[in-house]
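User: I would like to go through the reasoning behind some of the descriptive terms applied to this model. Please set each value against its criterion as you answer.

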Amino acid sequence: MKLIYQYMLCFLLVVTTCLAVTAVAIYHYTEDLAYRHTLTELEGYSDNLQKQALKIDPATGNIKNITAESLDLLQQTLANDRIAIDLFDPDGYRLYPQPRGDKDQRPAFSPKILKRLQDGEVIYSRNGQKNRPQGLKTQDPTTYVVKPWFNRDQQLKAIIYLGMPCVSINTSMQNVRRKLLITFLISAIIAIVMSWFLANFQVRKIERLQKATKQIKHGNFKVEVQQTGNDEISDLAADFNEMAHSLQLSNEEIQRQERQNKEFMMNASHEMRTPLTTINGLLEGLAYDAIPKNLRAHSIDLMRDETKRLIRLVNDNLDYEKIRTNQLPLNQTEFDAVQPLSNVVSQLQASAKEAKNQLQLQLPPKLPVYADYDRFIQIIFNIVQNAIQFTHQGKILIDGQRLPKEAATVITIKDNGIGMTPAQLQNIWVRYYKADPSRKSTKYSESGLGLAIVHQLMEQHHDEIAVTSHFHQGTTFKLTFYDAAVIQKRQSSPR
Ligand SMILES: Nc1ncnc2c1ncn2[C@@H]1O[C@H](COP(=O)(O)OP(=O)(O)O)[C@@H](O)[C@H]1O
Ligand SMILES: [Mg+2]
């Protein structure tokens, strides 16, 4: 069943149940009221009669004012209401209307009822046959009061019966029933219309969610479900929006990774194609004796260089992947960085000189660093090598400083070389990125992998690397190596 009908059915059930209960309650209350009213009315007539009746004739000692004629008159007055009056003597023998006069007239009440009446009890009946006096004119269900009349000396003087056929009450109750039924029907129609509006309002909220879900199914994650009100469906809409947002983010991430993979494949192929083409050309030259004898040794040297470059490329790539996938476990220890830094500088001094660069080291006597020793050298080597590569007739300064407050050692490598534009700076950690792809040198590892590896290594160490650069002015790399205690804290709280 459609949700809208389910909702409508629920609303209708609740409303009609309430209406039905109310109607039944009203009906019973009205009926009760009608009976009570009738009984009170009947008793009222009886009391009035009694007031007149109990004026006892002092001479005879009998009821003075009540005569068959006066009762007939009263009976006629009450005929409209179909009220019947019967009068009995204290022993239950009929006095009015017209006693039969014969001797075998029997008391109208059973001895038990008579005893109760003689004891002063008034007998009420709503529509019963029970306790009814015998010999009444009508046998129809009647609402009646049977009341004993006592004089001032508490002597039972007469018993009066006042009855009204239930038909009168039933007719008015029928009226009430009809009115209640009409009210019920009108209310039910209003309830149907209102429940349709209410159900529609609820269902529309769900439909909005349904529409949004379909959009997501078709790959449109930029959907936002309107939130109305403060209910569970609105909460669901908020959660849905959040879900759509994270789906969009992960979709973007997937697309970015796909792009990166594509770029990586293209770059890797491109990087390999250059040395392979060189080797292939030289091999063919050798095979067809196209290279003069005196140049053959040089050709072979060239091929060796290109092969080495290929091997380096493959190794760098493997290194990067291993670091990225945490397959290269670090052996972090605390050591004095003065010696390894001096070693790197002396290793690179020759190439610095070649580029007419000054390479300077500025260190305190001791410089404790917590890192993987070999990886530390690899990081510094890569950065200093880049600095030499991108500086001509300039100065490269390696500076080491201890920051006791931060529990860290900071090493900065500053050059006044070609520098980078902000756009170039943005990409330097990306694999195969080269600010100037036309520049090519086999002397250095010009694969565009160096800084990508450095960045991965620093991340794996839970240390920090930052770079500032100004085009044509120079570049500064700042490496912060934290002490063991800080690193442990950083490891346990993911960044
Ligand atoms: N000190 C520097 N000065 C200017 N540019 C630099 C410096 N270091 C790195 N770069 C830029 O960052 C790029 C990426 O460096 P790197 O990852 O080491 O690759 P590669 O050295 O193989 O080109 C370089 O091609 C260069 O454009
Ligand atoms: Mg490099």
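User: Why are α6 and α10 called roughly parallel to each other?

Analyst: In this predicted model, helix α6 (residues 293-324) and helix α10 (residues 450-461) pack at an angle of about 25°. Angles under 35 degrees count as roughly parallel, and α6 and α10 are therefore described in that way. Their axes lie 10 Å apart, and α6 passes α10 in a left-handed crossing.

User: Which residues of α6 and α10 make the contact, and how do they divide into nonpolar, polar and charged?

Analyst: From α6 the contact draws on Asp 316, Asp 319, Tyr 320, Ile 323 and Arg 324, while α10 contributes Ala 452, Ile 453, Gln 456, Leu 457 and Gln 460. The residues of this contact comprise five nonpolar, two polar and three charged; Tyr counts as nonpolar under the scheme used, whereas Asp and Arg count as charged.

User: What makes the second largest cavity one of those counted in the structure?

Analyst: The count takes cavities of 30 Å³ or more, of which the structure holds two, and the second largest has a volume of about 40 Å³. Because a cavity is a set of points where a 1.4 Å probe fits but cannot get out, the term refers to enclosed space.

User: Which residues line the second largest cavity, and which elements give two or more of them?

Analyst: The lining consists of Lys 205, Arg 208, Leu 209, Val 225, Gln 226, Thr 228, Ile 233, Ser 234 and Ala 237. The elements giving two or more residues to this lining are α4 (166-217) and α5 (232-287), and the lining residues divide into four nonpolar, three polar and two charged.

Terms used
Residues numbered from 1 in each chain as written. Chains lettered and ligands numbered in written order. Predicted model: local features only at pLDDT ≥ 70, side-chain atom pairs only at ≥ 80, totals over all residues. Heavy atoms only, no water. Axes fitted to C-alpha atoms, helices over the stretch in contact; angles between N-to-C directions. Helix = DSSP H or I, 4+ residues; strand = E, 2+ residues; numbered from the N terminus. Parallel < 35°, antiparallel > 145°, perpendicular 65-115°, else oblique. Left-handed = near helix turned anticlockwise from the far one by under 90°. Contact = heavy atoms within 4.5 Å. 1 Å grid on protein atoms, 1.4 Å probe; cavity = no way out; pocket = protein on both sides within 12 Å on 5 of 7 lines; lining within 4 Å. Points joined across faces, edges and corners; volume = space filled by probe spheres on them.
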